[in-house]
Amino acid sequence: MVREEIAVSTRTLQWKCVESRVDSKRLYYGRFILSPLMKGQADTIGIAMRRALLGEIEGTCITRAKSEKIPHEYSTIVGIEESVHEILMNLKEIVLRSNLYGTRDAFICVRGPGYVTAQDIISPPSVEIVDTTQHIASLTEPIDLCIGLQIERNRGYRMKTPNNSQDGSYPIDAVFMPVRNANHSIHSYGNGNEKQEILFLEIWTNGSLTPKEALHEASRNLIDLFIPFLDAQEEDIQLEDNQNKVTLPFFTFHDRLTKLRKNKKEKEIALKCIFIDQSELPPRTYNCLKRSNIHTLLDLLNNSQEDLMKMFHFQIEDVKQILDILQKHFAIDLPKNKF
């Protein structure tokens, strides 16, 4: 059971995990409640959270397969039960967990007879296979099956485009969404003006992250989307298309950070809700901080330079990059040691 509290005016909002289970390696379930909410707030939060859970969380999957011995996607190979198309569909179902940026290469090279499963995928250290028993192909004869794979981290769903290349490379429909389904329901109680609501959230994931992790990630992504409105200074920018020239208000995140340097109160508020992925950190440094449960700038400022150097895989160059960013955007230095 997990419970956290947030003070809001005279009310104390509480969220709680009321049910959590693992149905299989590729199906996790969690049920959460948030209360007490004023009338109408549960629906506002529930709709936003469901969209963020399904569309704003990044996932990792195989997006391309390559084998020079395959003439075309709908061919069959002697000694393999499945057609090439069926093998590609099986690769699409492989569930991966990673913190990678961009694309990575992996490969399969197996000699039959025997079954080929996700365990036979040779992947980079940054990629973890959630269920190594997932089936890929059945080899009925002593032949070699060698397939090159492209692994990518992204969000949403991307359909493969027609591929007529002669290099034996075949795109795969990419389902990056780690949340399989999300529902919300509302329970109302009280009378008249005292009526309040309880929000129930149900989350199913594919095993690459837990429902609680998905809830946290979706919440952070929603906060990131609304942060610019906290101190939005509009500017004019010209956007041109083939026919019209349109003037729209525009502001940048960095403009906002510059203004925060002049206002101590706003700076304190911003440090609590600005996440480290907005701070131009290199991917490796960002991943090291995340693994140490440092998610916001306030979390970062609660550490000294000495604390950072104690983190796994952290180097002096990483600390210097962090110091430069803090000085550039906030005019803040980290102490060398904690007193």
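Does Val175 count as buried, partly exposed or exposed, and at what relative accessibility? In this predicted model, Val175 has a relative accessibility of 33%, so Val175 counts as partly exposed. The residue is found in strand 14, which spans residues 174-175. Together with Tyr157 and Met159, Val175 forms a nonpolar patch on the surface. The accessible area of these three residues together is about 300 Å².

A look at confidence helps before going further into the fold. The protein chain has a mean pLDDT of 81, and 79% of its residues reach 70 or more. Over residues 4-10, however, pLDDT stays under 50, and the model has 10 contacts beyond four places in sequence for this stretch. The pLDDT is also below 50 over residues 248-253, a stretch with 16 contacts in the model beyond near neighbours in sequence.

From the surface, the description now turns inward to helix 2. Within this helix, which covers residues 84-92, the buried residues include Val84, Ile87, Leu88 and Leu91. These residues lie on the same side of helix 2, because they cover an arc of only 100 degrees around the axis. Their packing partners are strands: the buried residues of helix 2 pack against strand 4 (58-66), strand 6 (103-111), strand 10 (135-139), strand 11 (144-155) and strand 13 (169-171).

Charged side chains add another layer to the picture, with a count of 10 salt bridges. In one of them, the side chains of Glu58 and Arg153 meet at 3.1 Å, N to O. Glu58 belongs to strand 4 and Arg153 to strand 11, so this pair ties together parts that are 95 residues apart in sequence. Glu58 counts as partly exposed at 31% relative accessibility, and Arg153 counts as partly exposed at 23%.

Strand 11 also takes part in a salt bridge between Arg111 and Asp144, whose side chains meet at 3.1 Å, N to O. Here Arg111 in strand 6 and Asp144 in strand 11 are 33 residues apart, and the pair links distant parts of the chain. Asp144 has a relative accessibility of 41% and therefore counts as partly exposed.

A salt bridge within a helix is found in helix 3 (residues 211-226), where Glu217 and Arg220 are three residues apart and therefore separated by about one helical turn. Their side chains meet at 2.6 Å, N to O. Glu217 counts as partly exposed at 23% relative accessibility, whereas Arg220 is buried, with a relative accessible area of 16%. Finally, Glu19, Arg21 and Asp23 are linked in a network of salt bridges.

Terms used. Residues numbered from 1 in each chain as written. Predicted model: local features only at pLDDT ≥ 70, side-chain atom pairs only at ≥ 80, totals over all residues. Heavy atoms only, no water. Buried < 20%, exposed > 50% of the residue type's maximum accessible area, 1.4 Å probe, protein only. Helix = DSSP H or I, 4+ residues; strand = E, 2+ residues; numbered from the N terminus. Arc of directions from axis to C-beta. Contact = heavy atoms within 4.5 Å. Patch = residues over 30% accessible without salt bridge, like charges linked within 9 Å, V, L, I, M, F, W, Y side chains within 5 Å. Areas by Shrake-Rupley, 256 points an atom, 1.4 Å probe, with all protein chains shown as cover. Salt bridge = Lys/Arg side-chain N within 4 Å of Asp/Glu carboxyl O. pLDDT = per-residue confidence, 0-100.
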